[in-house]
Amino acid sequence: MTPLFEATNLIKSYGANKVVDDLSFHIARGECFGIIGPNGAGKTTTLKICLGQSQADSGQVEAFGLDVPSNLLAVKARMGVVSQFDTLDPDFSCEENILAYGRYYGMRDHAIKERIPKLLGFAALTHKAKARPGELSGGMKRRLSLARALVNEPELLVLDEPTTGLDPQARHLMWERLRELLSTGMSILLTTHFMDEAERLCSRLCMIDHGKKLIEGTPRSLIAEHLPPEMTEDIEGVGVLKRRSNLEDLFFKYTGRQMRMDS
Ligand SMILES: Nc1ncnc2c1ncn2[C@@H]1O[C@H](COP(=O)(O)OP(=O)(O)O)[C@@H](O)[C@H]1O
Ligand SMILES: [Mg+2]
């Protein structure tokens, strides 16, 4: 069966810097697939190639069985994108931002306006319908970007670091909404450098560093396969603490480095 999305042997360099190094992955319908790696690992570059926003030096991308970028318009119509940095129009209200985005997809105004209350409700932004992005918190802006990305009822939602920079409450709300979308059968491609986020959301993931795939699988199976069930950590002032092994440990095992958590 053809996967919903497939990237094969992607390579991209900026000058002498190989940023994406022979990266391949696929996404099945209904999956949440994660590209996990520290800052500078090549996550955004990979997504940009997948979205036809950047050209790979070599490799293929196929979405819905169609080649990217040659079928870019047809592919974009079936995708929703939440980029790493907000691209909301600061002069438009929340509802106008969604309206403008829907028009960009060639949707009719009445069809968009019919969806706006539902989308704002989903984003917990009903009370902010008339507010401009400048009046929103970081979490609200990110949820507006999510609502906007859903205007065309995409089959595949692509999110670049959906909770970076958000406070814990806003992160939890975003996770809850993404899980809700997954429960409706939506497929998701996301990147993150938060291992807890990956463990919570991803049905499958690949861990990358320097643009290279280190390891791929389901979070639990990767941990079970490559790590002991428990790790012992020596925390200053607390003594020796036993805790469950996690994806962070796995990254450390493969690179000898801690995942850089700053952003
Ligand atoms: N337009 C660009 N020109 C030159 N170097 C770039 C460009 N975009 C990204 N890079 C470099 O590519 C590497 C990967 O960047 P990026 O894909 O943004 O990583 P991530 O999203 O995982 O943090 C970094 O070393 C970054 O500095
Ligand atoms: Mg990035």
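The following questions and answers introduce the fold, the domains and the ligand site of this predicted model.

Residues are numbered from 1 along each chain as its sequence is written, and chains are lettered from A and ligands numbered from 1 in the order in which they are written. In this predicted model, local features need pLDDT of at least 70 and side-chain atom pairs count only at pLDDT 80 or more, while totals for chains, interfaces and linings use all residues.

Me: How many helices and strands does the protein have?
Reply: Helices (H or I, at least four residues) and strands (E, at least two) are DSSP runs, numbered from the N terminus. Counted in this way, the protein has nine helices and 12 strands.

Me: Why does the radius of gyration of the protein agree with that of a compact globule?
Reply: The radius of gyration is taken over C-alpha atoms, and the globule rule is 2.2 Å times the number of residues to the power 0.38. The C-alpha trace spans about 60 × 45 × 35 Å along its principal axes. For 263 residues a compact globule would have a value near 18 Å, which agrees with that of the protein, 19 Å.

Me: In which order do the strands of the four-stranded open sheet stand?
Reply: Two strands pair if DSSP finds at least two bridges between them. β1 (residues 5-14) pairs with β2 (residues 17-27) in the antiparallel sense over eight bridges, and with β4 (residues 58-63), also antiparallel, over five bridges. The edge strands, each pairing on one side only, are β2 and β5 (66-68). The order is therefore β2-β1-β4-β5.

Me: Which residue of β2 stands opposite Ser-13?
Reply: In the hairpin of β1 and β2 there are two residues between the strands, and Gly-15 takes a positive phi near 60 degrees. Elsewhere in this pair, Glu-6 stands opposite His-26. The partner of Ser-13 is Lys-18.

Me: Why is one side of β6 and of β10 left without a neighbour in the sheet?
Reply: The open sheet of six strands has mixed pairing and the order β6-β7-β8-β3-β9-β10. One side of each is free because β6 (79-82) and β10 (212-217) stand at the edges, each with a single partner strand.

Me: Which strands does α1 touch as it packs on the sheet?
Reply: Within this sheet, β7 (residues 156-160) and β8 (residues 187-192) pair in the parallel sense over five bridges. Axes are lines fitted to C-alpha atoms, for helices over the stretch in contact, and angles run from 0 to 180 degrees between N-to-C directions. The direction of α1 makes about 150 degrees with that of β7, and the strands touched are β3 (32-36), β7 and β8.

Me: Which helix gives the most to the shell around ligand 1?
Reply: A residue is near a molecule if its C-beta atom, placed from the backbone, lies within 6 Å of it. Among the residues surrounding ligand 1 are Tyr-14, Val-19, Asn-39, Lys-43 and Thr-44. With three residues, the helix that gives the most is α1 (residues 43-50).

Me: Which helix provides the largest share of the side of domain 1 that touches domain 2?
Reply: Domain bounds come from an automatic or database domain assignment, which gives domain 1 (5-78 + 155-255) and domain 2 (90-153). 10 residues of domain 1 are in contact with 10 residues of domain 2, contact being C-beta atoms, placed from the backbone, within 7 Å. The largest share of the domain 1 side, four residues, comes from helix α6 (residues 168-183).

Terms used
Two residues are in contact if their C-beta atoms, placed from the backbone, lie within 7 Å.
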